[in-house]
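Please consider the structure shown below. The paragraphs that follow lead through a helix, the core, the pocket and two points of the backbone.

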Amino acid sequence: MDINITIVPEAVRIARPETKPQVLGALAGCLADVYGLDADEVLDGLETREALGSTGFGRGMAIPHCRDPRVRKPTLAVLRLDQPVDFAAADAQPVSLVFGLVSPENAGATHLHALAAISRLMRDETKLQALADAPDAEALYAVLTNQFLRDAA
């Protein structure tokens, strides 16, 4: 994954939301808590993007994303859900792994590169299984950062 994506251990969590709006709220709250963003503004951005069409990527994963003038580079929060949630994904499969991405307001290509890097990770069966098998948030973070470093090389 692009080494220019910001992710810290506190932004990787196992969560228990039961609906898509609760997932978006949990992401906004996590991004606000960890990176000092405004939760309401992030939630508004995520909901506005989601209204254009589901960010459910398929295969049990989603990439809700938006832009925020306060971030300097793409910033990521990851939630693994205890129970899959209907996200209106293209393949109609419920979502259990959610990557919340906030990019700088004018980050055109950088934002697209970050989305592409996340989607590459989602196509790697070995990494997906490692993420599913991780016993806790710390192990999830380790799998993710090992992937980031490998792709940056």
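**A guided reading of the predicted model**

Helix H3 covers residues 108–122, 15 residues in total, and reaches 22 Å from its first C-alpha to its last, close to the 21 Å expected at 1.5 Å a residue. The buried residues of H3 are His111, Ala114, Leu115, Ala117, Ile118, Ser119, Leu121 and Met122.

The structure is a predicted model, and the confidence of the prediction should be kept in view. The chain has a mean pLDDT of 91, with 93% of its residues at 70 or more. Helix H1 (residues 20–35) has the highest confidence in the chain, at a mean of 98, and helix H5 (residues 137–152) the lowest, at 76.

The largest nonpolar core holds 22 residues, of which Val42, Leu46, Leu81, Val98 and Val102 touch the most other members. Two or more residues of this core come from each of H1, helix H2 (39–52), S5 and S6. The greatest contribution is that of H1, which gives six residues.

Attention may now pass from the core to the open space. The largest pocket contains about 180 Å³ of space. Which elements supply at least two residues each to the lining of the largest pocket? They are strand S5 (75–85), strand S6 (95–103) and helix H4 (125–133). H4 gives the most to this lining, with five residues. The lining residues are Arg59, Gly60, Met61, Arg80, Leu81, Ser96, Leu97, Glu125, Leu128, Gln129, Leu131 and Ala132. By class, six of the lining residues are nonpolar, three are polar and three are charged. Leu81 appears in the pocket lining and is also among the core residues that touch the most other members.

Arg59, a residue of the pocket lining, also calls for notice in its backbone. Most residues other than glycine have a negative phi. Arg59, although not a glycine, has a positive phi of about 60°. Arg59 is located in the loop between strand S2 (56–58) and strand S3 (61–62). Is Arg59 buried, partly exposed or exposed? Its relative accessible area is 39%, so Arg59 is partly exposed.

Ala92 also has a positive phi, of about 65°, although Ala92 is not a glycine. Its place is in the loop between S5 and S6, two strands that supply residues to the lining of the largest pocket. Ala92 counts as exposed because its relative accessible area is 61%, and the cut-off for an exposed residue is over 50%.

Conventions. Residues are numbered from 1 along each chain as its sequence is written. This is a predicted model: local features need pLDDT of at least 70, side-chain atom pairs count only at pLDDT 80 or more; totals for chains, interfaces and linings use all residues. Side-chain values use heavy atoms; hydrogens and water are left out. On a 1 Å grid over the protein atoms alone, a cavity is a set of points where a 1.4 Å probe fits but cannot get out, and a pocket is an open set with protein on both sides within 12 Å along at least five of seven lines; lining residues have an atom within 4 Å of a point. Grid points are joined across faces, edges and corners, and a volume is the space filled by probe spheres set on the points. Helices (H or I, at least four residues) and strands (E, at least two) are DSSP runs, numbered from the N terminus. Ala, Val, Leu, Ile, Met, Phe, Trp, Tyr, Cys and Pro count as nonpolar, Asp, Glu, Lys and Arg as charged, and the others, Gly among them, as polar. pLDDT is the predictor's confidence in each residue, from 0 to 100. The expected span of a helix is 1.5 Å times one less than its number of residues. Buried means under 20% relative accessible area, exposed over 50%, partly exposed in between (1.4 Å probe, protein chains only). A nonpolar core is a set of buried Ala, Val, Leu, Ile, Met, Phe, Trp, Tyr and Cys residues joined through side-chain atoms within 4.5 Å.
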